[in-house]
Amino acid sequence: MAEVKGKNSMVETQKMKYSENGLWILKTGQQYRIGLSEKGQDDLGEVMFIEVPSQVTRIEKNETVIGLEGAKAVTELTSPFAGKVVSYHEALADEPEKLNSTDKESNWIVELTDVDEVAFNALSDKIN
């Protein structure tokens with residue numbers, strides 16, 4: 001686990017997990033950021049087009065987080081758990097190539113709260 005100095009010099013703990021369908025999930029405090037892992041990038045090839053669900057305020061387990069068209073595949077990535085949508089990475093609409101980056105500040109898709117901690121902890125610690 002990494003410790004990150006947050007606002008007001010409080011220490012926040014971060015924890016990274018991976019889903020079977022090519023997503024990484026970074027938990028910081030009570031926020032969960034989901035992005036495209038190296039495995040997901042490899043499975044899809046270069047991402048060229050995305051479709052983000054609009055007006056979504058909550059995602060249930062196995063619901064579509066994002067639709068992707070890559071060099072190798074066209075697919076919908078689904079959430080490994082349920083949660084309240086805090087924000088989507090809106091820059092992806094104009095720059096889907098950000099999902100080809102290994103930088104987690106660029107290739108994230110959605111941020112959630114109100115996630116079941118047991119469901120998060122059940123995910124893998126390694127890219128699978």
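Setting aside neighbours within four places in sequence, F81 is in contact (heavy atoms within 4.5 Å) with I25, Y32, I34, I59, E60, K61, L112, V115, A119, F120 and L123. The residue lies in the loop between strand 8 (74-78) and strand 9 (83-88), where helices (H or I, at least four residues) and strands (E, at least two) are DSSP runs numbered from the N terminus. F81 counts as buried because its relative accessibility is 1%; buried means under 20% relative accessible area, exposed over 50%, and partly exposed in between, with a 1.4 Å probe and protein chains only. One of its contacts, I25, is 56 residues away along the chain, and the C-alpha atoms of F81 and I25 are separated by 11 Å.

The model is predicted: local features need pLDDT of at least 70, side-chain atom pairs count only at pLDDT 80 or more, and totals for chains, interfaces and linings use all residues. Residues are numbered from 1 along each chain as its sequence is written, and side-chain values use heavy atoms, with hydrogens and water left out.

**Overall architecture**

The chain holds 2 helices and 10 strands, arranged along the sequence as β-β-β-β-α-β-β-β-β-β-β-α. Its radius of gyration, taken over C-alpha atoms, is 14 Å, which agrees with the value near 14 Å for a compact globule of 128 residues; the globule rule is 2.2 Å times the number of residues to the power 0.38. The C-alpha trace spans about 40 × 30 × 25 Å along its principal axes. Of the 128 residues, 39% count as buried. Among contacts with a separation of 6 or more, 53% are made by residues 24 or more positions apart.

The accessible surface, from the Shrake-Rupley method with a 1.4 Å probe, comes to about 7300 Å², and carbon and sulfur atoms contribute 47% of this area. There are 14 positive and 23 negative side chains, and the centres of the two sets lie 8 Å apart. Lys and Arg count as positive and Asp and Glu as negative, while His and the chain ends are not counted; each charge is placed at NZ of Lys, CZ of Arg, CG of Asp or CD of Glu.

**Strand pairing around strand 9**

Two strands pair if DSSP finds at least two bridges between them. Strand 9 pairs with strand 6 (residues 58-59) in the antiparallel sense over 2 bridges, and I59 has G83 of strand 9 as its bridge partner. I59 is also among the contacts of F81. Strand 9 is further joined to strand 10 (residues 108-113) by 4 bridges, again antiparallel, with S87 opposite E111 of strand 10.

**Loop residues**

Two residues that are not glycine have a positive phi, as listed below.

| Residue | Phi | Loop | Relative accessible area |
|---|---|---|---|
| N62 | about 70° | between strand 6 and strand 7 (64-70) | 54%, exposed |
| D114 | about 55° | between strand 10 and helix 2 (117-121) | 53%, exposed |

E63 is likewise found in the loop between strand 6 and strand 7. With a relative accessible area of 35%, E63 is partly exposed. Not counting residues up to four places away in sequence, E63 touches R58, L77, T78 and S79. E63 and L77 are 14 residues apart in sequence, and their C-alpha atoms are 8.2 Å apart in space.
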